[in-house]
Amino acid sequence: MENHGVTDEIEEKNEQQEQPQEREKGLKGRKFSWGKLMHLDSFDMESGKIPSGYLNHRSFKAVDWGTTLKLAFQSIGIVYGDLGTSPLYVLPGIFPNGIDHSEDILGVLSLIIYSLTLITLIKYVFIVLSAHDNGDGGTFALYSLICRYAKVGFTPNHQAEDRDVSNYRLELPNSGLRRASFVKSFLENSRIAKYILLLMTMIGTSMVLGDGILTPCISVLSAVGGIREAASSLTDNTIMWISVGILILLFQVQRFGTDKVGYTFAPILTIWFFFIAVIGLHNFIRHDPTVVKAINPMYIVKYFQRTKKNAWISLGGVILCLTGSEALFADLGHFNVRSIQISTCSIVFPSIILAYVGQAAYLRKHPLDASAAFYKSVPKPIYWPMFVVAVLAAIVASQSLISASFSIVQQSLALGCFPRVKVVHTSSKYEGQVYVPEINNLLMLACVGVTLGFKNTLKIGNAYGLAVVFVMTLTSTFLILVMIMIWKTNFALIILYASTIAFVELLYLSSVLYKFTEGGYLPLAFAAFLMSVMFVWNYVYRKKYMFELDNKVSIKKLKEIASNPDILRVPGLALFYSELVQGISPIFTHYIANVSAMHRVLVFVSIKSLPISKVPAEERFLFRRVEPNELCMFRCVVRYGYTDVEKERESFEETLVNRLKEFIREEFFKAKSPKNGRIITGTIAESVIGEVLRIDADENDDGTFLEEIQFVDNECKKGGIISLFGESEVVASKGTNWGKKLIIDYAYNGLRRCLRQQDEVYAIPRKRLLKVGMTYEL
């Protein structure tokens with residue numbers, strides 16, 4: 001809630017329902033919530049030290065079936081390209097040296113069927129999608145769920161009022177589930193466990209970005225390589241350069257946004273799934289219907305008994321049939337759970353299974369064609385239509401991980417784990433559809449580099465498999481924590497999950513690591529680079545915050561500044577921006593020491609990201625007054641979720657001033673509240689409360705609050721709204737070790753110079769901006 005005091009007790013539901021209906025009349029459907037005032041200031045202490053207030057729950061808005069079906073159709077063009085085009089390269093990757101025994105085909109087909117069923121369908125579509133964070137998915141969504149439940153973050157910017165945000169609350173463990181309390185306590189008290197969780201999140205993010213690089217390479221190269229069936233004289237270099245041209249074009253269209261790209265690509269993927277399903281069914285009937293026996297998992301056992309170590313090595317190829325499964329979760333913010341479940345179960349899963357069954361039936365009759373199983377199994381009359389659709393589908397396949405990369409960068413950026421980049425929200429109709437220009441360019445350059453370096457899909461496939469299974473394993477680890485702590489799943493079901501799905505993923509991981517020197521090192525190299533960037537940025541971000549917290553301006557010092565006659569109060573309203581939430585940044589005293597002037601109305605503004613996807617607009621602003629009242633100084637925390645759209649600067653400033661005036665009104669109303677000490681809190685329609693307060697002021701012959709609101713309006717007109725931006729330079733303190741100096745003086749400051757400045761991210765007009773610089777020795 002944006003401007004109420006911290007409460008120490010919660011009224012029972014039935015007591016809330018007994019409040020007079022007259023209090024709710026005329027408030028446009030908004031209700032008052034009641035509590036008892038507690039004189040504590042959460043702006044100066046951690047939330048764990050203050051009892052929780054009233055928690056105003058909000059249920060998800062129901063999405064009508066028409067919108068859900070539209071999203072289901074659109075998701076085909078964004079989410080499933082990678083998963084859907086895997087039949088292009090899976091079987092050649094499993095049998096790089098040909099097929100030794102016809103029964104091996106049944107064993108491999110059985111592996112593919114059960115892997116898709118177990119991992120893609122059961123794990124992702126029906127389990128992992130349920131672990132979304134208010135509609136958003138991905139590694140950071142799982143991490144944010146855990147952060148919200150247990151205090152495992154390193155930046156101490158939690159406030160008691162954060163728990164009052166509608167989307168924030170999670171069910172707390174009850175006495176019957178001690179293991180949830182035990183795991184929570186262990187994570188909160190173990191610094192090592194906190195670091196491991198953060199590093200796992202960074203690894204997962206880095207691997208998804210690695211997928212965003214490798215997916216376009218392998219998909220496009222595989223599809224374009226099929227032209228050799230008609231033009232065998234084409235060389236690897238020719239195919240490589242054609243692929244590079246397609247990749248560059250693909251990344252250039254990303255700026256148009258997921259909405260337009262999705263509707264453009266969805267028909268292509270729909271045609272693709274229809275083609276592979278029909279061709280698969282044709283091959284199944286024509287060549288060998290007995291491959292249906294592969295539904296018996298005993299063929300997997302026989303395959304391992306017969307080929308032993310080679311079967312285990314071949315798992316590195318089988319894992320490629322699961323590529324894109326993580327995108328179902330990572331791209332969730334672009335759509336919703338129901339739409340993805342509908343499109344998966346009705347179109348995607350049946351089509352892919354039929355495609356693999358058809359290829360297996362064909363290879364039973366033509367085992368020598370394993371190296372080009374997909375195109376060899378296509379009937380000759382429809383080869384060219386299939387080739388065109390395959391190339392287009394491969395282009396679309398790249399889209400799923402590119403979109404996922406944009407989403408996960410946006411999430412990590414908001415949680416302080418990624419350098420500042422520009423995030424463009426591309427759709428006014430659907431939340432969560434974003435485009436990140438810097439990441440788009442980085443992915444494009446990396447894709448072109450990998451394509452030029454490897455030239456064929458075999459080594460890229462080895463690298464791709466490692467990236468895919470690594471992310472899956474990390475997702476399972478986070479999911480088990482969510483099951484234990486948040487969902488409080490039956491322990492037997494957790495054991496069942498760990499012993500089946502998680503065990504299978506670890507088995508796949510062991511296989512792809514075997515091919516480390518044959519391309520498997522590539523995603524780890526990408527991850528190492530990206531993790532280094534993320535770690536450096538997050539490390540210095542936390543150090544800066546702790547420095548400001550340790551050196552924040554005391555209340556005594558602030559009163560001294562305000563009462564100093566040598567300091568002028570100039571006309572206007574100033575917004576002093578800093579990252580510090582609990583207190584006022586030391587940059588303010590540095591500013592006063594050099595300027596010796598303050599605006600007549602001063603608001604200290606902190607932009608804060610909560611570990612949730614969205615903060616309702618009516619709960620975004622949180623105000624406190626800086627005592628004494630005659631100073632006309634306020635503190636404001638502006639809270640965003642990691643997928644929220646920040647408003648245009650003019651709209652933001654107008655909203656902030658309106659909320660400030662509403663805060664002044666409500667503060668007065670609290671002072672004039674009934675003698676029983678009960679107060680009204682919550683967002684109140686301005687016209688209604690204005691009328692209530694006008695009557696109250698007339699009765700008490702006291703219009704002080706009206707005078708203060710008029711004073712704020714007059715200052716905005718006289719001097720305008722000025723933005724004072726606290727910007728800190730950081731250097732390693734004297735006597736620190738060389739490692740810390742390397743991170744702070746060279747790595748962090750080098751990154752900072754290459755990226756956007758913070759005022760550019762907030763889009764503050766330069767004509768009304770004054771930067772206040774200060775050097776921190778960390």
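I take two strands as paired if DSSP finds at least two bridges between them, and I take strands (E, at least two residues) and helices (H or I, at least four) as DSSP runs numbered from the N terminus.

The model is predicted, so I noted that local features need pLDDT of at least 70, side-chain atom pairs count only at pLDDT 80 or more, and totals for chains, interfaces and linings use all residues. Residues are numbered from 1 along each chain as its sequence is written, and side-chain values use heavy atoms, without hydrogens and water.

**Entry 1: pairing of β7.** I looked up the neighbours of strand β7 (residues 633-640). Strand β6 (residues 621-626) joins β7 in the antiparallel sense over six bridges, and Arg625 stands opposite Phe634 of β7. Six residues lie between the strands of this hairpin, where Cys632 has a positive phi near 55°. Strand β5 (residues 597-609) runs parallel to β7 and is joined to β7 by eight bridges; there, Leu602 has Met633 as its bridge partner.

**Entry 2: cover of β7.** I then asked how many of the residues of β7 are buried. Eight of eight are buried, that is, under 20% relative accessible area (exposed is over 50%, partly exposed in between; 1.4 Å probe, protein chains only). In a regular strand, side chains alternate between the two faces of the sheet. I find Met633, Arg635, Val637 and Arg639 buried on one side, and Phe634, Cys636, Val638 and Tyr640 buried on the other.

**Entry 3: Trp738.** I located Trp738 in helix α26 (residues 738-754). Trp738 is exposed, with a relative accessible area of 70%.
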